[in-house]
Every structure is written in C-alpha cells, then in structure tokens.
Amino acid sequence: MSDEAKDAARQEARAYQQLGRLKSTLREREARVAELEKQLAALERSTALQFGRLVAGAARNPRRGRRLPKDLYRLWRTRNAPAAAAKSAAAGGGVEADRIDRPENRLLVAGPCDTLIIAGILTPRTASRLAEHAKVVPLYPHDAAIVLDRADVDMVVVDAAAGEPGGPWAYLGVPGMYDRDAALDGVRRIAAARSLPLVLCGEAPPATLACLTWDAVIADGATDPGRLARIVEPAH
C-alpha cells in the first residue's frame, strides 16, 4: 500500500471516529432535551406554579381579584389531575402540548380589558347599545352555562325583552317553556357561585322573571355605563 493510500485510510478512520463522537454527543443532547422537556411539563402542571400565577394575576388586575377564591378552589379540586396527565405524556413518548384554558391565563394577558365585561341574555338592540361602552359576551340557550363558566365577565344582564318571538331566547319567561327556564337557571347558578351581579333590565318584564331574585332591576336606562358600574363596584 502506498503512502498516499495509508494517509487516506488514516484520515478516513479519524473521520469515522469523529462521526461516532458526534453521534454520541447528539444522542446525549437529545436525551437531555427530552428530560428537560419532561421537567418543564411537570413544572407547568405543578399546583405551586399555578397558585403563584393566580395570585400574581389577581395582583395585576384587582378588579378580577374577587374571583381568586373560586379559582383557588378549582385548582385545589383538580390538584391530582397533573399526575395523570404526566403519565399519559410519558406513555405516549412525548410531552403533551399545554392547553391554554387555565383560569390564570385569562388573568395574565397583555392589555387586560379596562371596561365592563357583560355576559347577557339580550335582544340584538340591547346588545348593540351595551357594546357602545362595554364588552358584551352573548349567551345562548344551547351553550349559556358553558360560555359563562369559561368567560371572564363582571356581571350578567338579562333583558326583559329577550323572550320576544324571533330571537334565540324566544318565549323566555312564558310558562311551560322548560328548556328556556332550565338554561336561565343554569346561568343564575353559575353567576351566584362566582359572585357575579345579576341584573334584570327593561320595562314590564314577564312575571316569571320579575319574581326571581336579582341584585338589581333597572326598568329604564339599562345601558347607562355609570349605573352599571355602580352595580358592579360593591362586589369588588
């Protein structure tokens, strides 16, 4: 074998040795990254971190701090869920993507809303008037409880005219319309659990609505921002 061939063979051997070291280093790095991803996922799911985020969010936005006890109770109630989620992620060979649906993520947002946020059972006309000075979250019979449970709102407004024919809440307040009554009852229960003011607005409400317990009943001027703000303030 010539000297050139020997040099080429030595260079090739060194190249293979270097390639082997690089592959070994890459495997170690990949294993380390996978371990760090698991640790990060466990940290993100930890109750201590979520507790800190809830408290920090309440400190950043005192208007919503009144819901902190409810959010902390929900966190305590689901404190064992992260362990099951972690096991599922490990069994699947990867880290489960973090879902943005935790209460603290509604509080820790850039540019939080500085106006009233109203969830409402409303006619289009009332919703349009309220939207001029507040953020409106419309509620519909088929998903009212789900939307209200997840939405970050300051109060719940029920329009006395919402039961007029032609609207999504048609015949609300009419005796015998059990599906509408059940949907409204679900909204009222969630509002009471979250300490959200319940307001009935509009003239001549149906007797089945007027006889219910409300935090405020406004016959006229229901879309006056100052009046609505005064209803919310005592709850803070």
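Mentor: Before we start: two residues are in contact if they have heavy atoms within 4.5 Å. And remember that this is a predicted model.

Trainee: Fine. Which residues is Ile218 in contact with, leaving aside its neighbours within four places in sequence?

Mentor: There are two groups. Ile218 meets Val199, Leu200, Cys201 and Gly202, and also Arg227, Leu228 and Ile231.

Trainee: Where is the place of Ile218?

Mentor: Ile218 belongs to strand E5, residues 216-218.

Trainee: How far is Ile218 from Leu200, in sequence and in space?

Mentor: They are 18 residues apart along the chain. Their C-alpha atoms lie 6.3 Å from each other.

Trainee: Is Ile218 buried or exposed?

Mentor: Buried, because its relative accessibility is 2% and the cut-off for buried is under 20%. One of its contacts, Cys201, is at 3%, so Cys201 counts as buried too.

Trainee: Cysteines, then. How many disulfides does the structure hold?

Mentor: Zero.

Trainee: And Cys211, buried or exposed?

Mentor: Exposed, since its relative accessible area is 59% and exposed starts over 50%.

Trainee: New topic. What span should helix H8 have, at 1.5 Å a residue?

Mentor: H8 covers residues 178-193, which is 16 residues, so the expected span is 22 Å. Its end C-alpha atoms are 22 Å apart, so the two values agree.

Trainee: Which residues of H8 are buried?

Mentor: Arg180, Ala183, Leu184, Gly186, Val187, Arg188, Ile190 and Ala191.

Trainee: What do the buried residues of H8 pack against?

Mentor: Three strands and two helices, by name: E1 (117-121), E3 (155-159) and E4 (198-201), then H7 (144-150) and H9 (207-210).

Trainee: Two arginines in that buried list. What does Arg188 lie over?

Mentor: The face of Trp214, with 4.8 Å to the ring centre.

Trainee: How many aromatic pairs does the count come to?

Mentor: Zero.

Trainee: What about backbone oddities? What phi does Ser195 take, just after H8?

Mentor: A positive one, about 60°. And Ser195 is not a glycine. The residue is in the loop between H8 and E4. At 46% relative accessibility, Ser195 counts as partly exposed.

Trainee: And Ala204, what is its phi?

Mentor: Also positive, about 50°, again without being a glycine. Ala204 lies in the loop between E4 and H9. With a relative accessible area of 75%, Ala204 is exposed.

Trainee: One more loop. Where does Thr123 lie?

Mentor: Between E1 and helix H6 (124-130).

Trainee: Buried or exposed, Thr123?

Mentor: Buried: its relative accessible area is 13%, so Thr123 falls below the 20% cut-off.

Trainee: What does Thr123 touch, not counting residues up to four places away in sequence?

Mentor: Asp159, Ala161 and Ala162.

Trainee: Zoom out. How many helices and strands are in the protein chain?

Mentor: The chain has 10 helices and five strands.

Trainee: What percentage of the 236 residues count as buried?

Mentor: 32% of them.

Trainee: And the contacts between residues at least 6 apart in sequence: what percentage join residues at least 24 apart?

Mentor: That comes to 65% in the protein chain.

Trainee: Last one. What is the accessible surface of the chain?

Mentor: About 14300 Å². Carbon and sulfur atoms account for 57% of that surface.

Methods:
Residues are numbered from 1 along each chain as its sequence is written. This is a predicted model: local features need pLDDT of at least 70, side-chain atom pairs count only at pLDDT 80 or more; totals for chains, interfaces and linings use all residues. Side-chain values use heavy atoms; hydrogens and water are left out. Helices (H or I, at least four residues) and strands (E, at least two) are DSSP runs, numbered from the N terminus. The expected span of a helix is 1.5 Å times one less than its number of residues. Buried means under 20% relative accessible area, exposed over 50%, partly exposed in between (1.4 Å probe, protein chains only). Rings of Phe, Tyr and Trp (its six-membered ring) pair if their centres lie within 6.5 Å; planes under 30 degrees apart count as stacked, over 60 as edge-to-face and the rest as tilted. A charge sits over a ring if NZ of Lys or CZ of Arg is within 6 Å of the ring centre and within 35 degrees of the ring normal. A disulfide is a pair of cysteine sulfur atoms within 2.5 Å. Accessible areas come from the Shrake-Rupley method with a 1.4 Å probe; for residues, only the protein chains shown count as cover.
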